[in-house]
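The following paragraphs lead the reader through selected parts of one protein model. Please consult the sequence and the structure alongside the text.

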Amino acid sequence: MEPKHAHAPTVTIENFHPSLGASNYLIKRVINEPLDVYADAFTDGHVIMCTLLKWHKIGDAHWSEAPMRPQENDRWQGRCSFPSAGRWEYAVESWADSWLTWRKHFKAKFDASDPELRIEAREGAKLLEQTARRARTAGASSSSMELLELADMLRRLPPGELIDVIMGDDLQLIMERFPDRSLSTTSQVFQVVVERERARFSAWYEFFPRSAEGRADRHSTFRDCLARLDDAKSMGFDVIYFPPIHPIGVTHRKGKNNTLVAHPGDVGSPWAIGSSHGGHRAVEPALGTVEDFEWLVGEARQRGLEIALDFAINCSPDHPYVKEHPAGSTSVKTAQSAMRRTLQRSTRTSTPSTSTAKTGNRCGGSSLMSCSSGWSGE
C-alpha cells in the first residue's frame, strides 16, 4: 500500500536501488539474506537529515526500522533482512532533524563566541521540552525527567557550561529514541518476495515412482523408491520431482509408447488425472496410500532431500469434479470432438501430457488452490 501523509511532502525521496522499474515489480530474497537499499533523500535549507529504512511482512501492523547511513550527494544506504518466507514490504522515511540542526548551529556559535548564544540556548531548551513530552507519552518517565532538568539548566546557566553535555553521546542517544517525525515523508512502498534457500538454487532429479525399480513386470510403489532417492542423493541432487501421483483416468486412456489404444494392464498417462478412486486430493492406488507418500516424504527429509509434485490442472473425463460440477467442465461431446482433432495430429513422438492437456477438462480455481495447499501441507 502507498503511504498516506497528513501534510505535503517535506523531503524528496527518489532514485531507489534495487529497483526493477516499478514498485509492484517484486524483488526477491531468501530467508535472512541481507537487502541493501539505496535512495536519494534531500530537502531545502541547511538542515541535517535523518533517514530510516522500515519493513514489515504484509498483514503485520508492526514495522521494523533501522537507520540509514549517509553516503555522498544526498545518497543514503540501509540494510534489512527477512526472517520468514512470504511477501514483505519496505519503504524509506526521512525528515529534517530539528535537534541535530540546532546542535550544529549552537556549536558553531559557541566556537565563534557569539554574544547571542543565550537566545540560541532558549531554542534548544524548547526542543528538549518537546522531546521530553514525547518520551513521557512513550512511557519513558526517567528520560523525560532528565530532559526537562537539562532544559531548565540550559535556560538558567551560562550556555558554555553545558556545551559538553549538549554535544555528548548520552544525550544524543536519548534524543534519537524520541525524534520529532511529525513532518517526516515516507516513500512509495516496495515489495519483496522471500523464499527458502532452495528457491534460489537446487538440483532436481525426476523419475516416475511407478518405475522406481525399473521392472517391466511390476508396478512400483512409494515404498520401492528409497533406492532411487539414495542414488539421487549420491549424485548431488537435493529435490526429487514426481509427475502427478493421482488416480489415472480410464476413459480414452493411451497405451504404451503413446499408442492410441490401451490394452489390459496399460497404466496410462499420470497427467490424465481422475478416476473412480478420486481426483487431485487422492493417490493412485497402484502407488500406495497417502500414508505411504507421507512415509516417503519423511525418508527423503532424513536424507536432506525434498519431494516436489507436478501440479497439473488436467482432469480426465472420469474425474469426480467433472461429475460433481458439470457446468464448470467441458461437455463430453466437446471433449470427444477435441480428442478426435488431437488424435489426428498425434505422432509417435508426441507426449502424453500434450494430448491430455488438449482433451482434458479444467478444474475450478478455488478447488485447485485448496488442493495445492493441501499437498503443500503434506
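A residue is termed buried when its relative accessible area is under 20%, as determined with a 1.4 Å probe on protein chains only. The model examined here is predicted. Within it, Ser144 has a relative accessible area of 3%, and this residue is therefore buried, since the value falls under the 20% limit. Ser144 belongs to helix H3, which comprises residues 141–156. Apart from residues up to four places away in sequence, Ser144 touches Ala132, Ala135 and Arg136.

A second region of interest is an open sheet of three strands, arranged in the order S11-S12-S13 with parallel pairing. Strands S11 (204–206) and S13 (306–309) each have a single partner strand and stand at the edges, so one side of each lacks a neighbour in the sheet. From one strand to the next, the twist averages 30°. Strand S12, residues 239–242, pairs with S13 in the parallel sense over four bridges; Tyr241 has Ala308 in S13 as its bridge partner. Across S12 and S13 lies helix H7 (residues 290–302), which runs at about 135° to S13.

The loop between S12 and H7 contains Gly249. Gly249 has a relative accessibility of 2% and therefore counts as buried. Leaving aside neighbours within four places in sequence, Gly249 is in contact with Ala272, Gly274, Ser275, Ser316 and Asp318. The C-alpha atoms of Gly249 and Gly268 are 7.7 Å apart in space, while the two residues are 19 residues apart in sequence.

Key: Residues numbered from 1 in each chain as written. Predicted model: local features only at pLDDT ≥ 70, side-chain atom pairs only at ≥ 80, totals over all residues. Heavy atoms only, no water. Helix = DSSP H or I, 4+ residues; strand = E, 2+ residues; numbered from the N terminus. Buried < 20%, exposed > 50% of the residue type's maximum accessible area, 1.4 Å probe, protein only. Contact = heavy atoms within 4.5 Å. Pairing = 2+ DSSP bridges. Axes fitted to C-alpha atoms, helices over the stretch in contact; angles between N-to-C directions.
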